Amino acid sequence: MTRVEQGVLLGCTHGGRVQLTVLAPDLIRVRTLFPGQAAAPDHSWAIARTDWPATPWQLAETPADVTLTTTELTVVVHRDPLRI
């Protein structure tokens with residue numbers, strides 16, 4: 001697991017990656033990359049905005065899962081099997 005400025009990058013046991021990016025207190029972007037899949041450009045068909053102000057968030061980790069929390073949302077990533 002790597003903590004980055006706006007979120008966290010998680011490595012999965014099967015070789016994939018999950019990236020959680022906090023865009024706003026009520027909006028977290030989830031990106032996945034699975035083994036053998038080509039990395040796509042960081043583009044969203046749903047959200048045109050690209051500049052987001054910093055949003056406070058907290059991270060908690062256990063052997064079973066990772067939890068990212070803002071003032072309005074909680075995202076739990078279960079490690080095995082991968083579930084969000």
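Here are a few exercises with worked solutions on the structure above.

This is a predicted model, in which local features need pLDDT of at least 70, side-chain atom pairs count only at pLDDT 80 or more, and totals for chains, interfaces and linings use all residues. Residues are numbered from 1 along each chain as its sequence is written, and side-chain values use heavy atoms, with hydrogens and water left out.

**Exercise 1. Follow the chain from strand 1 to strand 3 and work out how these strands pair.**

Step 1: Get the terms straight. Strands are DSSP runs of E with at least two residues, numbered from the N terminus, and two strands pair if DSSP finds at least two bridges between them.

Step 2: Start with strand 1 (residues 2–4), which pairs with strand 2 in the antiparallel sense over three bridges. Thr2 sits opposite Leu9 in strand 2, and the hairpin that joins strand 1 to strand 2 runs through two residues.

Step 3: Move on to strand 2 and strand 3, which run antiparallel and are joined by five bridges. Here Val8 faces Leu20 in strand 3. The hairpin of these strands has five residues between them, and Gly15 takes a positive phi near 100° there.

**Exercise 2. Find the order of the open sheet of three strands, and say why strands 5 and 7 have a side without a neighbour.**

Step 1: Read off the order, which is 5-6-7 with antiparallel pairing.

Step 2: Look at the edges. Strand 5 (58–61) and strand 7 each have a single partner strand, so one side of each has no neighbour in the sheet.

Step 3: Zoom in on strand 6 and strand 7, joined by five bridges. Thr67 is the residue opposite Val76 in strand 7.

**Exercise 3. Pick out the largest nonpolar core and see which strands feed it.**

Step 1: Know what counts: a nonpolar core is a set of buried Ala, Val, Leu, Ile, Met, Phe, Trp, Tyr and Cys residues joined through side-chain atoms within 4.5 Å. Buried means under 20% relative accessible area, exposed means over 50%, and partly exposed is in between (1.4 Å probe, protein chains only).

Step 2: List the members. There are 12 residues in all, among them Val8, Cys12, Leu20, Trp57 and Val77.

Step 3: Trace them to strands. Strand 2 (7–11), strand 3 (17–24), strand 6 and strand 7 (74–78) each give at least two residues, and strand 3 has the largest share, with three.

Step 4: Check Cys12, found in the loop between strand 2 and strand 3. Contact means heavy atoms within 4.5 Å, and apart from neighbours within four places in sequence, Cys12 is in contact with Arg17, Val18 and Leu82.

**Exercise 4. Track down the salt bridge, then compare the situation of Asp65.**

Step 1: Use the cut-off: a salt bridge is a side-chain nitrogen of Lys or Arg within 4 Å of a carboxyl oxygen of Asp or Glu. The structure holds one.

Step 2: Name the partners. Arg79 bridges to Glu61, with the closest N and O atoms 2.5 Å apart. Arg79 lies in the segment after strand 7 and Glu61 in strand 5, so the pair ties together parts 18 residues apart in sequence.

Step 3: See how open they are. Arg79 is partly exposed at 31% relative accessibility, and Glu61 is partly exposed at 47%.

Step 4: Turn to Asp65 in strand 6 (residues 65–69). Asp65 is buried but has no salt bridge, and the nearest side chain of opposite charge, Arg79, is 6.6 Å away. For charge, Lys and Arg count as positive and Asp and Glu as negative, while His and the chain ends are not counted.

Definitions and conventions: Helices (H or I, at least four residues) and strands (E, at least two) are DSSP runs, numbered from the N terminus.
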